[in-house]
Amino acid sequence: MIHNTATINLKSVNTTHDKEGSLIAFGIAEFYYRSKEGVVTDEIPFRSKGAPAVVINEQGEGVHGTAEGYLDLVVDNRGEYKEKIATFVIRNFISARPINELTQVSKNSHSPETPDFAKELLEDNVTSTNEDLDEEPPF
């Protein structure tokens with residue numbers, strides 16, 4: 001078995017169910033690698049079953065993420081010629097947003113702005129005062 005971890009982009013996502021009712025997701029994924037010409041994009045068919053298939057189905061097409069799994073080679077015997085067809089079987093998928101969507105740079109400064117959801121978390125969690133700092137630790 002050829003194990004693989006890759007950053008992929010889901011170009012197409014289709015779903016079906018097996019006899020036991022487990023969700024099966026399949027389609028085409030893009031992956032990236034370096035060559036003499038620079039970064040190259042290539043496509044590979046993928047399939048997934050169970051929990052990773054549910055995540056892939058919820059995220060849909062056009063999602064970037066990290067996929068862990070293995071390459072399944074199926075031999076297609078066409079008489080004198082045998083063709084090996086590779087399919088990426090995804091066992092774990094974690095979706096991710098590109099960095100340029102997570103940070104926003106202010107036009108007046110060169111430092112990134114804190115996203116609104118992070119500001120709310122910081123405001124909720126910052127409750128210490130100077131009085132708290134003067135007390136001795138409880139241990």
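Q: Which aspartate meets the side chain of arginine 47 in a salt bridge?
A: This is a predicted model, in which local features need pLDDT of at least 70, side-chain atom pairs count only at pLDDT 80 or more, and totals for chains, interfaces and linings use all residues. Residues are numbered from 1 along each chain as its sequence is written, and side-chain values use heavy atoms, with hydrogens and water left out. A salt bridge here is a side-chain nitrogen of Lys or Arg within 4 Å of a carboxyl oxygen of Asp or Glu. The N to O distance for arginine 47 is 2.7 Å, and its partner is aspartate 72.

Q: Is glutamate 30, which pairs with lysine 11, buried or exposed?
A: The side chains of glutamate 30 and lysine 11 form a salt bridge at 3.9 Å, N to O. Buried means under 20% relative accessible area, exposed over 50%, and partly exposed in between, with a 1.4 Å probe and protein chains only. Lysine 11, at 39%, is partly exposed, whereas glutamate 30, at 16%, is buried.

Q: Which strand gives the most residues to the largest nonpolar core?
A: A nonpolar core is a set of buried Ala, Val, Leu, Ile, Met, Phe, Trp, Tyr and Cys residues joined through side-chain atoms within 4.5 Å. The largest one has 16 residues, with Ile8, Leu10 and Phe46 among those having the most contacts inside it. Strands are DSSP runs (E, at least two residues) and helices likewise (H or I, at least four), numbered from the N terminus. With four residues, the strand that gives the most is β1.
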